[in-house]
Amino acid sequence: MPWTPGLIGMGLAALVATLVLWIGGCRGAPLALGFGYALGHAAVRGWFGAVRMPVPPIDAIDWLAWLALAATLWGLIELCGSISRSARWLGRLVLTVAVLGLLLGPLARNVWPWPILTVRLIGPGAGVLVVWGLLDALGERLAGGSLTTVLALVAGGSSVVLVLTGSLVLGELAGVLTAAVVVSRFGSIGDSGPPSTRGLVAVVVVMLAGLLLAGRFYSETPTSAAVLLAVAPLAAWIDRLCRLPAWTRALVRVLAVSLLVGLAIAIALAAVPGAELGGI
Amino acid sequence: MNLPTILGAALFTATLATTPASAAETFTVDPVHSTVVFRIKHLDVSYAYGRFNDVAGTFTLDRADPAKARFDFTVKTDSLDTGNAKRDQHVKGPDLFNAQQFPTITFQSTKVAAAREGAYQVTGNLTMHGVTKPLTVQIEPTGTGKGMQGVSLAGIETTFTIRRADFQMTGLSPLLGDEVRLTVSVEGNYK
């Protein structure tokens, strides 16, 4: 069955995330997400079977498993540690540069020389940091459950877009992230306030940025679809435009985010008319 | 010296210039007349075929001393062609070849010995998807001759099977088989 590795990865990510949340409580959300993703990634890539995990990774996209662990560590520092504002942004900058360098660095050997690649990555890098800051602010305003619903929608939409635009593996990895985020959503019901969402946002931003950049540069994901997915969570700010009852605000948020995610899927569909996994 | 004699001498000299003088003959791969074809099982049902259209490299043949023979080939991953453009994009993507990161497949011989009926037993390193593995194949000369412009030509062919898991190409595993059979048929121009 074509989807078997993806389903196993998603199941494993959900299971691990559930266990971690059960043991660590809602404050364990970054750990649940990061560990869940990393183990799900390993399952999708077949590292529990006949193939050994390559260290260091051979495919650049396999750095995502390591980046998940790094983002988890950073998420826990943001969540538990009392760090200054400048130190927080320095840490985020380092992680963003790591995502760009590890995932897209190999292109400097074959596609663009380092100076050109660096210039090309300034925009995506700045975009990651801006989205991170805005999501962090959103997390401080929304209850944990509301934010994770938004993030799960975007991760799920990314999975669909990545599969449609030429990579089953990247789509499955985004599916693994979605499964872990969904579990975190239920784990964070009733939990509100900045600390837990802040740690969770760190992991989701790093993983989504990595997956979308990999789709854009190694597969056929259109830039417009990747950008729409990257900014889609920010549409949740729309509920600030008018005074509405709490449940209506939640609905408006979900609809606004879904609209952008749906648009990204439509762009992906238009980019690959009539193709079912590229004929495979 | 009369004119026929001069012409005859010139023709003889020109022939010498295009004919290999020593036993070891080195040829440059002619990409137009060279092919790398592969076969892989699809859904454990049928075999899907594809080819790489861009093959380059050199090879040296030496019938007198096969140990002096050499085979160096480079295939551009991006030249993969399965007859379906969308599928080509997919196979060249991160699920399998990851052509952006690994733009070439190379083979370099390290040891050559004589095999049966003029063939060569060639051991070398195959690098694909960033992984290098030793590989031993039997390369058979398929013929020699002259090209349209008088250049000496030689042809060789080999068929062998690899496992893509050996090269960490595990994507799409339930859909595509692990074993890939390759046939490399190369025509070379005398260097």
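# A two-chain predicted model: a quick tour

In chain B, residues 10-21 keep a pLDDT (the predictor's confidence in each residue, from 0 to 100) under 50, and the model has 8 contacts for this stretch beyond four places in sequence. Two residues are in contact if their C-beta atoms, placed from the backbone, lie within 7 Å. What you're looking at is a predicted model, where local features need pLDDT of at least 70, side-chain atom pairs count only at pLDDT 80 or more, and totals for chains, interfaces and linings use all residues. Residues are numbered from 1 along each chain as its sequence is written, while chains are lettered from A and ligands numbered from 1 in the order in which they are written.

**Confidence**

- The scores for the model are ipTM 0.81 and pTM 0.85.
- For chain B, the average pLDDT is 86, and 88% of the residues score at least 70.

**Chain A: helices**

- Chain A has 11 helices and 0 strands; helices (H or I, at least four residues) and strands (E, at least two) are DSSP runs, numbered from the N terminus.
- With a radius of gyration of 18 Å, close to the 19 Å that the globule rule gives for 280 residues, chain A is as compact as a globular protein of that length. That radius is taken over C-alpha atoms, and the rule is 2.2 Å times the number of residues to the power 0.38.
- Picture a box of roughly 50 × 45 × 35 Å along the principal axes: the C-alpha atoms of chain A fill it.
- Buried residues are 53% of the 280 in chain A. A residue is buried if 20 or more other C-beta atoms lie within 10 Å of its own, exposed if 12 or fewer, and partly exposed in between, with C-beta atoms placed from the backbone.
- Of the contacts in chain A with a separation of 6 or more, 79% link residues 24 or more positions apart.

**The largest nonpolar core**

- This core holds 131 residues, and Ala13(A), Ala180(A), Met207(A) and Leu229(A) touch the most other members. A nonpolar core is a set of buried Ala, Val, Leu, Ile, Met, Phe, Trp, Tyr and Cys residues joined through C-beta atoms within 7 Å.
- Helix H9 (residues 194-218) of chain A gives the most to this core, putting in 16 residues.
- Leaving out residues up to four places away in sequence, Ala180(A) touches a list of residues including Ala13(A), Ala14(A), Leu33(A) and Tyr37(A).

**Chain B: mainly a strand story**

- Chain B has 2 helices and 11 strands, and along the sequence they run α-β-β-β-β-β-β-α-β-β-β-β-β.
- Of the 191 residues in chain B, 33% are buried.
- Take the contacts in chain B between residues at least 6 apart in sequence: 55% of them join residues at least 24 apart.

**Strands E5, E7, E8 and E9 of chain B**

- Strand E5 (residues 70-76) and E7(B) pair in the antiparallel sense over 5 bridges; two strands pair if DSSP finds at least two bridges between them. Here Val75(B) has Ile105(B) as its bridge partner in E7(B).
- Strand E7 (residues 104-114) pairs with E8(B), also antiparallel, over 8 bridges. Across from Val112(B) is Val122(B) in E8(B), and Phe107(B) stands opposite Leu126(B).
- Between E7(B) and E8(B) the hairpin has 5 residues, and Glu117(B) there takes a positive phi near 50 degrees.
- Strand E8 (residues 120-128) has alternating side chains: Tyr120(B), Val122(B), Gly124(B), Leu126(B) and Met128(B) point to one face and are buried, while Gln121(B), Thr123(B), Asn125(B) and Thr127(B) point to the other and are not.
- E8(B) is also antiparallel to strand E9 (residues 131-146), paired over 9 bridges, with Gly124(B) matched to Leu135(B) in E9(B).
- The E8(B)-E9(B) hairpin has 2 residues between the strands, and His129(B) takes a positive phi near 55 degrees.

**A look at Asp178(B)**

- Asp178(B) is in strand E11 (residues 176-190) of chain B and is partly exposed, with 15 other C-beta atoms within 10 Å.
- Setting aside neighbours within four places in sequence, Asp178(B) is in contact with Arg163(B), Arg164(B) and Ala165(B). The C-alpha atoms of Asp178(B) and Arg163(B) are 5.4 Å apart, though 15 residues separate them along the chain.

**Where the chains meet**

- Chain A brings 33 residues to the contact and chain B brings 23.
- On the side of chain B that touches chain A, helix H2 (residues 85-92) of chain B supplies the largest share, 4 residues.
- That side of chain B splits into 7 nonpolar, 13 polar and 3 charged residues. Ala, Val, Leu, Ile, Met, Phe, Trp, Tyr, Cys and Pro count as nonpolar, Asp, Glu, Lys and Arg as charged, and the others, Gly among them, as polar.
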